[in-house]
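Biologist: Please put the structure on the screen. I will ask, and you reason each answer out.

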Amino acid sequence: MKKESGGSALIRALADENVDLLFGYPGGAALHIYDAIYQQDKVQHILVRHEQAAVHAADGYARATGKVGTVLVTSGPGATNAITGIATAYMDSIPLVVISGQVASHLIGTDAFQETDMMGISRPIVKHSFLIQSPEEIPEVVKKAFIIAKTGKPGPVVIDVPKDMTDPNHLFDYQYPKDIKMRSYSAPSEEEESNVDEAVSLLEKAKKPVLYAGGGIIQGNASEELKKLAKIMNAPVTNTLMGLGAFPATHENFIGMLGMHGTYEANMAMHEADLIFALGSRFDDRTTNNPKKYSLNAKKIHLDCDYGSIEKIINVDVSLNGDAKKILNQILNKIDPKNIDKASIDLWNNEILSWRETHGLNHDLLDKKFHQKQILPQQVIQSLYKSTNGKAFITSDVGQHQMFAAQYYKFDEPRKWINSGGLGTMGFGLPSAMGVKFAFPDEDVVCVTGEGSIQMCIQELSTCMQYGLPVKIINLNNRALGMVKQWQDMQYGGRYSSILYEDSLPDFVKLAESYGHVGMKVEDISELEERMDECISMKDKLVFMDVYVDPDEHVYPMLEAGGNMSEMRVSKTKKTF
Amino acid sequence: MSHISILMENQPGALSRVVGLFSQRGYNIDSLSVAPTNDSSLSRLTMVVKEEESVISQILKQLNKVIDVVEVQNLSDIESVSLEIAIVKLKITEKEAKKIIESAFPVVGEIINHKDAFVMIKLIGSNHEVDDFLLSLNKQKFLEVTRSGLLGMGTGENFLISESETTIEY
């Protein structure tokens, strides 16, 4: 049995956990660990340019692959820089293991150089955290961390490692545990038959059902089961922002994303439904509007692996707590197609189609009749969809571009849409695209961003050059912080407080070129599609495509604050209430 | 008011995870008592929280999600007994103290220390009883009090004990 130090044991444990990529940034407290990385070749370390990007990259990797993303940072500023990334993963339930260096045990609490209380700072934004107290416990802690991160409702786990715990001179016998013993922690499983029966009975009785699926269906790998249920019932399906791809966007039963900027038909359907089946979604405030006025006529079934998410915001008639795939299979085994009210559901589907015809988003905006002087951001997304045949991994930052991408890129598969839905972290797009590209080097990986967000992690252009990551960056450049501007237009009388750059934007083409990448600028709609094709076809180059879009465009529909799900603005001048 | 009992891992950080669930939501914990149990790897925590029932039910769910939390029991939902222990320091003579104790019923009191001009009395009672008793004390002579917080336990077969460890493989 080969003896290991704490540092080498840590890396060996990652290798035993089949970790191939470790995103990180070195520093004093982590140096023993970095020396251990140097002396092996199973775990490849990816040097980013900022710790926030390390966490986002691991996060993108985790979202795209379904595996646990792994991060290594040093103590103090390394740890605090990682916090935004950890909070991002926590809000979207992404499995990560984040290892942070810490000052030596005897220095903890002395305000030592680069000391920060990582356990304390990260506590509210982790699923769990460990402070290593002896080198010998490292293998077991790593095993526990991976199991906790991945099972149940996934989430980030922090392992804080004081420097003396990785001392290369302290050697011990290494053994990686096959399993672990934990009290009171178990993975979610099936639901009791009686609850499933109740749910099935509501599903069979429904005349106006909506299947409302969120990120939990993606995390729970239950898309196939959802498709089967939708088919049996011929029920309309809406996805949350986090759930896009859980159900194919080009499927005839798909009615678009719901919520704040959801489609008119999806929000109307939620309001008029007589049954809402929430699957792996958590009635987030962006999808319910005013909970007091939320879908008052609908019976509600809520399936979630997290018992704490059930009845947190909306009371339900039946709760199904457990594994999405298993419970959906229980339902599929029990539901009897003969009992489903097909005639009523046909009428319901027609009603939804008529809503789509009034205010839907199903127009080809690249059609010449929609050509205006300025490029519309929606046109850019439709052009991207065409150039990538709808098959690309799309990461996004946060703001108007994110909503346009969610509305207009039709995701047919889970894990293709990578965005910070819960925390809404600007700066997420580029580093998460790196993580995806590492996992899928032969696939198109596109970061849809804006000139505001991209500048929050733009230093990663350097990382992309170092590791040869030919991601595509589509910058919807409206020369302003667009989503804030939209709100200032709508609610603050057009008083543009702190959203303009006053001619200080960089020349993004030159900026990309200075890192050795390809830059492109597009200002004219007539060249958009051709340049987009050109951009996507450069398979081994990172292309930064800076597209000047109409700075006055707003995202619609938009739910009216405090209203119900049918109260929307559908354009600058039209509202439904 | 809810009286909640929690069995948790006797680990550094476990208490802050539990307390954090309350503080991050802006809820105040009225009383809190923590100590090891007959199993030294476990601590038992008993707390009183004055919040609406919907808030409590949400908090109980969140408590169950904390990895270090092994079991949670809402003593207010089951038949349970509760009591509080307090130590009071008064500037009185031993004779006066004995008189106070005699009139303290239903609170049970006992002199546990007498030094210089000060007497310490140990009190046991329900928390209302202890409240009432403290209110009845002469403020000039009543110097200091420490209270255990409301302790409690379910009656009969309402146990709060750890289930056996589950082995997780993956």
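**Inside chain A**

Modeller: Strand 13 of chain A, residues 275-279, is largely enclosed by the rest of the structure, because five of its five residues are buried. Keep in mind that this is a predicted model.

Biologist: Which residues of strand 13 of chain A are buried on one side, and which on the other?

Modeller: Both faces of this strand are covered. One side carries L275(A), F277(A) and L279(A), all buried. The other side carries the buried residues I276(A) and A278(A).

Biologist: How many bridges join strand 10 of chain A to strand 13 of chain A, and which residue stands opposite L275(A)?

Modeller: Strand 10 covers residues 209-213 of chain A. It runs parallel to strand 13, and five bridges join the two. The residue opposite L275(A) is P209(A).

Biologist: In what sense do strand 13 and strand 14 of chain A pair, and what stands opposite L279(A)?

Modeller: Strand 14 of chain A spans residues 299-304. Its pairing with strand 13 has five bridges and is parallel. Opposite L279(A) stands L303(A).

**Where the chains meet**

Biologist: How many residues of chain A are in contact with chain B, and what area is buried between them?

Modeller: On the chain A side, 28 residues are in contact with 26 residues of chain B. The size of an interface is often given as the accessible area lost when the parts come together. Carbon and sulfur atoms give 50% of that area here. The area buried between chain A and chain B is about 2,400 Å².

Biologist: How many salt bridges and how many residue pairs in polar contact are there between chain A and chain B?

Modeller: Side chains of opposite charge can pair when their charged atoms come close. Across this interface, the rule finds three salt bridges. For residue pairs in polar contact between the two chains, the count is seven.

Biologist: Which element of chain A gives the most to the side that touches chain B?

Modeller: Three elements give two or more residues to that side: strand 6 (128-131), helix 6 (138-150) and strand 9 (179-182) of chain A. The top contribution is five residues, and it comes from helix 6 of chain A.

Biologist: How many charged residues are on the side of chain A that touches chain B?

Modeller: Sort that side by class. Ten residues are nonpolar and five are polar. The charged residues number 13.

**Salt bridges**

Biologist: How many salt bridges does the structure hold over all chains?

Modeller: Some of them lie across the interface of chain A and chain B, where the rule finds three. Over all chains, the total is 34.

Biologist: Where do D39(B) and R183(A) sit, and is R183(A) buried or exposed?

Modeller: Their side chains meet in a salt bridge, at 3.5 Å from N to O. The pair crosses between chains, from the loop between strand 2 (29-36) and strand 3 (42-49) of chain B to the loop between strand 9 and helix 7 (193-205) of chain A. D39(B) counts as partly exposed, because its relative accessibility is 30%. R183(A) has a relative accessible area of 12%, under the 20% cut-off, so R183(A) is buried.

Biologist: What separates E224(A) and K227(A) along helix 9 of chain A?

Modeller: These two form a salt bridge, with the closest N and O atoms 3.0 Å apart. E224(A) is partly exposed at 47% relative accessibility, and K227(A) is partly exposed at 27%. Both lie in helix 9 (residues 223-233), three residues apart, so the separation is about one helical turn.

Biologist: How many residues apart are K50(B) and D30(B)?

Modeller: Their side chains meet in a salt bridge, 2.8 Å from N to O. K50(B) is in the loop between strand 3 and helix 2 (53-65) of chain B, while D30(B) is in strand 2 of chain B, so the pair links distant parts of the chain, 20 residues apart.

Biologist: Is K50(B) exposed or buried?

Modeller: Its partner D30(B) counts as partly exposed at 40% relative accessibility. K50(B) has a relative accessible area of 51%. The cut-off is over 50%, so K50(B) is exposed.

**Chain B as a whole**

Biologist: How many helices and strands does chain B have?

Modeller: Read the elements from the N terminus on: β-α-β-β-α-β-β-α-β-β-α-β-β-β. That gives four helices and ten strands.

Technical notes: Residues are numbered from 1 along each chain as its sequence is written. Chains are lettered from A and ligands numbered from 1 in the order in which they are written. This is a predicted model: local features need pLDDT of at least 70, side-chain atom pairs count only at pLDDT 80 or more; totals for chains, interfaces and linings use all residues. Side-chain values use heavy atoms; hydrogens and water are left out. Contact means heavy atoms within 4.5 Å. Buried area is the accessible area (1.4 Å probe) that two parts lose on being put together, summed over both. A salt bridge is a side-chain nitrogen of Lys or Arg within 4 Å of a carboxyl oxygen of Asp or Glu. A polar contact is a pair of N or O atoms within 3.5 Å; within protein, one must be able to donate a hydrogen and the other to accept it, and residues adjacent in sequence count only if both atoms are side-chain atoms. Ala, Val, Leu, Ile, Met, Phe, Trp, Tyr, Cys and Pro count as nonpolar, Asp, Glu, Lys and Arg as charged, and the others, Gly among them, as polar. Buried means under 20% relative accessible area, exposed over 50%, partly exposed in between (1.4 Å probe, protein chains only). Two strands pair if DSSP finds at least two bridges between them.
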